[in-house]
Amino acid sequence: MPDKYLTIALAKGRLAELSVEIFMSLGYDCAEMLTKTRKLIFTDEKNKMKFLLVKAGDVPTYVEYGAADLGIVGRDTILEEGRNLYEMLDLGFGRCRMCVCGPESMREKLSSTSGLRVASKYPAIARDYFTGKKNINIEIIKLNGSVELAPITGLSEVIVDIVESGKTLEENGLTVLEEVCPLSARLIVNRVSAKMESGRIKKLVSDIRQKVGELKQ
Ligand code: PRP
């Protein structure tokens with residue numbers, strides 16, 4: 001057994017639950033993470049693994065600085081944070097889309113409205129899409145949730161947000177106008193750990209890849 005711990009940061013919530021199920025099925029002792037505990041760090045002594053429960057937006061930070069060797073988080077967070085790390089594996093769960101959404105009436109006006117106001121929890125992704133890819137000048141309004149309210153109340157003309165089932169849009173009279181990119185959970189790795197712990201990390205990545213493949217069938 002190795003004497004150094006490998007530390008993995010999991011994005012709190014549904015992604016962490018699915019991740020824990022994968023680690024449990026690979027024989028890791030992390031079931032306590034699924035209980036109603038307030039603990040944030042869990043140790044599997046036998047396998048020399050530590051699991052951290054982290055806010056999604058902080059997972060890339062822990063991994064970039066090496067406080068965690070690995071992390072599991074949505075691609076939306078990785079794109080928004082723009083951290084210096086390796087994206088190793090598409091885990092295939094947590095699938096959804098980043099989209100430009102708004103009232104149907106905005107479809108025609110999307111490219112011609114100057115100073116388009118775009119509300120989003122993801123200002124970097126929104127800016128990269130409109131300014132970088134489409135060369136359209138926009139004003140970004142950063143929000144922290146319930147983003148669908150913005151076009152309804154006149155705070156913005158459109159939003160850039162995650163669409164999963166489409167229910168939130170539908171129930172608020174909005175629609176997908178353009179797709180920015182597909183999203184899913186990703187395994188990310190610290191650049192130094194990838195070199196220093198390459199054997200263990202490669203084995204772990206290959207075990208996770210195989211398990212995710214089995215679960216898909
Ligand atoms: C997310 C997202 C959308 C919704 C999409 O919000 O920002 O609002 O889920 O899911 P749907 O297409 O299945 O309806 P979240 O539930 O995280 O809440 P928030 O608005 O407070 O961020």
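How far is an oxygen atom of the ligand from an N or O atom in the side chain of Ser 165? The distance is 2.6 Å, which fits the rule for a polar contact, a pair of N or O atoms within 3.5 Å. Before going on, note that this is a predicted model, where local features need pLDDT of at least 70, side-chain atom pairs count only at pLDDT 80 or more, and totals for chains, interfaces and linings use all residues. Residues are numbered from 1 along each chain as its sequence is written, and side-chain values use heavy atoms, with hydrogens and water left out.

Let's stay with the ligand. Asp 161 also reaches it through the side chain, with an N or O atom 2.7 Å from a ligand oxygen. Ser 146 uses its backbone instead: an N or O atom there sits 2.8 Å from an oxygen of the ligand. Taken alone, the ligand exposes 500 Å², and the protein buries 64% of that (areas by the Shrake-Rupley method with a 1.4 Å probe). The residues around the ligand, each with a heavy atom within 4 Å of it, include Lys 121, Gly 145, Glu 148 and Thr 168. Strand 9 gives the largest share of this shell, 3 residues, and helix 6 (167-171) supplies at least two. Helices here are DSSP runs of H or I with at least four residues, and strands are runs of E with at least two, numbered from the N terminus.

Now for the sheet. Its 5 strands form an open sheet in the order 8-7-9-6-10, with mixed pairing; two strands pair if DSSP finds at least two bridges between them. Strand 8 and strand 10 (175-183) are the edges, each pairing on one side only. From one strand to the next, the twist averages 25°, with axes fitted to C-alpha atoms (for helices, over the stretch in contact) and angles running from 0 to 180 degrees between N-to-C directions. Strand 7 (residues 116-120) runs parallel to strand 8, joined by 5 bridges. In one of the pairs, Arg 117 is matched with Glu 139 of strand 8. Helix 4 packs on the sheet, touching strand 8 among others, and its direction makes about 170° with that of strand 8; touching means heavy atoms within 4.5 Å.

Finally, two loops. Asn 135, between helix 4 (123-133) and strand 8 (138-142), has a positive phi near 55° without being a glycine. Lys 48, between strand 2 (41-44) and strand 3 (49-54), is another non-glycine with positive phi, about 50°. Asn 135 is exposed at 69% relative accessibility, while Lys 48 is buried at 19% (buried is under 20%, exposed over 50%, partly exposed in between, with a 1.4 Å probe and protein chains only).

Key
Polar contact = N/O pair within 3.5 Å; in protein donor to acceptor, adjacent residues only side chain to side chain.
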